[in-house]
Amino acid sequence: MPDTALPDGSANPPLHILWQDEHMVVVYKPAGWLVHRTGLDAHETRFVMQTLRDQLGHHVWPVHRLDKGTCGVLLMALHKQAAQALAASFAAHETRKEYRALVRGWLPETLEVDHPLKPDDAPEDAPVQDAHTHLRCLARLSWPESYDGRHPETRISLVEALPTTGRRHQIRRHLKHVAHPIIGDATHGKGPLNRWWAERLGQQRLWLHARALEIAHPVSGQPMRFEADWSSLTQLQEARDWRKLLALPGWQPIA
């Protein structure tokens with residue numbers, strides 16, 4: 001597929017398509033890309049919606065969102081009726097979303113976070129909204145170096161996050177709430193720790209990955225599961241980055 005030319009003369013690579021039929025398309029969203037244009041980030045030039053539209057030669061409809069820094073599974077509808085059906089599934093919480101995150105410290109083996117949230121930009125008197133996330137620790141690592149001089153080592157965990165509600169920045173805010181912020185989270189994490197890990201991992205980024213999405217097909221109603229599995233996405237640099245991270249010596253899998 002040809003690259004997508006942008007108005008400023010630069011070019012974005014085509015998006016990697018994970019699955020497609022005549023009703024919807026599932027792509028791998030790279031970290032650093034916006035789902036669509038927004039005045040909140042006026043200088044950004046990488047947009048999934050516009051790039052995919054030009055790549056397919058077909059209008060696409062967004063039905064859910066991922067933060068700019070998050071990579072992984074993103075679903076778009078290919079016609080209005082499919083968009084309405086898919087959006088209704090998300091609104092009714094009839095989906096299952098699975099994420100992977102690299103977080104500060106050693107998370108307990110399992111943790112239920114039931115912590116109401118209000119929108120980031122809401123006024124002080126705005127009502128809070130129910131928000132629930134199930135967390136499971138998959139592996140732990142002790143880096144044999146102290147980032148702040150208080151401890152002889154620095155600990156991180158690989159975490160599975162399953163949100164059952166869809167509040168903005170929910171996973172990031174819930175992990176901050178339980179004192180295990182995501183590494184690289186400039187808004188809800190710890191700046192000195194983020195920079196310390198960026199020096200050792202070779203890049204500054206939000207270590208949050210949308211690994212899988214389960215949803216009913218908008219026409220047939222058939223249950224569908226879409227995955228962005230690092231082991232199979234060998235052509236994507238981000239997948240190689242995650243595999244390199246998990247290949248560091250010392251990871252202890254949690255049974």
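## Strand S7 and a pocket

Alanine 101 has valine 159 as its bridge partner in strand S10. This is a predicted model, where local features need pLDDT of at least 70 and side-chain atom pairs count only at pLDDT 80 or more, while totals for chains, interfaces and linings use all residues. Residues are numbered from 1 along each chain as its sequence is written, and side-chain values use heavy atoms, without hydrogens and water.

**Exercise 1.** Find out which strands S7 is joined to by six bridges.

*Solution.*
- Step 1: Locate S7 at residues 96-104 (strands are DSSP E runs of at least two residues, helices H or I runs of at least four).
- Step 2: Go to S10, residues 154-163: six bridges link it to S7, antiparallel (pairing takes at least two DSSP bridges).
- Step 3: Now try S11, residues 208-216, which also runs antiparallel to S7, with six bridges. Here lysine 97 is partnered by leucine 213.

**Exercise 2.** Is S7 mostly covered or not?

*Solution.* Count along the strand: seven of the nine residues in S7 are buried (under 20% relative accessible area, 1.4 Å probe).

**Exercise 3.** Describe the lining of the second largest pocket.

*Solution.*
- Step 1: You should get 24 lining residues, with Lys97, Tyr99, Thr165, Gly166 and Arg167 nearest the pocket centre (lining means an atom within 4 Å of a pocket point; such points, on a 1 Å grid, fit a 1.4 Å probe in an open set with protein on both sides within 12 Å along at least five of seven lines).
- Step 2: S7, S10 and helix H3 (170-177) each give two or more residues to this lining.
- Step 3: At least three lining residues come from each of domain 1 (12-92 + 215-233) and domain 2 (94-206).

Definitions and conventions
Buried means under 20% relative accessible area, exposed over 50%, partly exposed in between (1.4 Å probe, protein chains only). Domain bounds come from an automatic or database domain assignment.
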